Amino acid sequence: MIKIKTLEEIELMRESALIVSKTLGEVAKAIKPGVTTLQLDKIAEEYIRDLGAIPGFLGLYDFPNTLCMSPNEQVVHGIPNNTPLKEGDIISVDCGALKNGFYGDHAYTFEIGEVAEETKKLLRITKESLYAGIKEFRAGNRVGDVGFAIQNYTEKHGYGVVRELVGHGLGKEMHEDPEMPNYGRRGRGKKFKEGMVVAIEPMINLGTHQIKQFSDGWTIKTVDLKPSAHFEHDVAIVSGKPELLSTFQYVYDALGIVSDEEDEFRQ
Ligand code: MG
Ligand code: MG
C-alpha cells in the first residue's frame, strides 16, 4: 500500500534527506586515493549521530555498516573494508539516516582522481538519467513513465539497466510501496498522486545489465566486471510536481563543482 505524506511529514522527510546530503558532503571532503571505505564509514556514522539522527542502514536487514560502498564493478550493497581507494576507481556511496521517524536515502558515485573517459561518461549519463526519471514523477503519471525515461536515456548509449534492484517509496520505512524500476513502459504501473515520496535510483552498467551476488551475501557485482554507476535522490510530489528533498550541493561544494541541475525541481 502506498503511504501518502502530509506537507508536514514531507518537511520532516526533507530534514532526514538533508542529513544524508550533508553526510555525503562530509564523505566528499575526505574521499581520495589511499583512504579506506571503512574510514569513510566511520566519518559518516559519527556525523549522522552528531546531527541527532540514526544511521539508516546499520542493522537494517542486518547490514553491518552506515554506508553501502560499492567500487568499480560493484553495483550496490558493498560493505566497507580496509582496502584503500586508488586513483582511477569509482565508488557508489549510498547512505541512509533516520530522524523524527522518517528515513532519508540517497547515493552518489564518486570519481577517485582521474578516471577513464568511458567511465566518466557512464557517470554523467547515469546522473542525467536520474533527472530524466525525476521529471516524470508527477501527479497523474505512472511508475512505468519514470522507468521508461531512465531506460530510454541510458540504453541508447549501450548501457545495461539493472533489473533486479529498483527504487522505492520512502517514509517511516526505508522501503515502501511502490517499487520504482529503472526500466518500464510508458503509462504502465501504479499512478502517482500528491504527497507520494520515493527514492529514484538508477543503477546503470557500462556493459551487460546482468549482475550476481558476491559470497558475502550482500555485494552485488556486474557479471562482466565492467563498472557500474548509481545515483539516488529523494523526491516528493508537491502541487502535482516533483520536489527534490535531497541535494548533491554539499558534495558539489566539497568537490568544487558548479551545477544548476536541481533548480527545476525546487518549488
Ligand atoms: Mg540508497
Ligand atoms: Mg534506495
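Are D105 and E232 buried or exposed?

1. In this predicted model, D105 is buried, and E232 is buried as well. Both residues belong to the coordination of the magnesium ion (ligand 1), whose donors are D94 (OD), D94 (OD), D105 (OD) and E232 (OE), at 2.0 to 2.5 Å.

2. Along the sequence, the donor residues of this magnesium ion (ligand 1) follow the spacing D-x10-D-x126-E. The site thereby links distant parts of the chain, since D105 sits in strand β5 (residues 102-111) while E232 sits in the loop between β13 (228-230) and β14 (233-238), 127 residues apart.

3. D105 has a further role in the geometry of the site, as D105 bridges the magnesium ion (ligand 1) and the magnesium ion (ligand 2), and these two ions lie 3.1 Å apart.

4. Turning to helix α2 (residues 37-50), its 14 residues should span 20 Å at 1.5 Å a residue, and this agrees with the end C-alpha atoms, which are 20 Å apart.

5. The buried residues of α2 are T37, L40, D41, A44 and I48. Because they cover an arc of only 105 degrees around the axis, they lie on the same side of α2. The face turned away from that buried side carries the exposed residues K42 and D50.

6. The elements that cover the buried residues of α2 include α1 (7-30), β1 (54-55), β2 (67-71) and β4 (90-99). Just after α2, G52 adopts a positive phi of about 80 degrees.

Methods: Residues numbered from 1 in each chain as written. Chains lettered and ligands numbered in written order. Predicted model: local features only at pLDDT ≥ 70, side-chain atom pairs only at ≥ 80, totals over all residues. Heavy atoms only, no water. Donors = N, O, S within 2.8 Å, 3.2 Å for Na, K, Ca; no water. Helix = DSSP H or I, 4+ residues; strand = E, 2+ residues; numbered from the N terminus. Buried < 20%, exposed > 50% of the residue type's maximum accessible area, 1.4 Å probe, protein only. Expected span 1.5 Å × (residues − 1). Arc of directions from axis to C-beta. Contact = heavy atoms within 4.5 Å.
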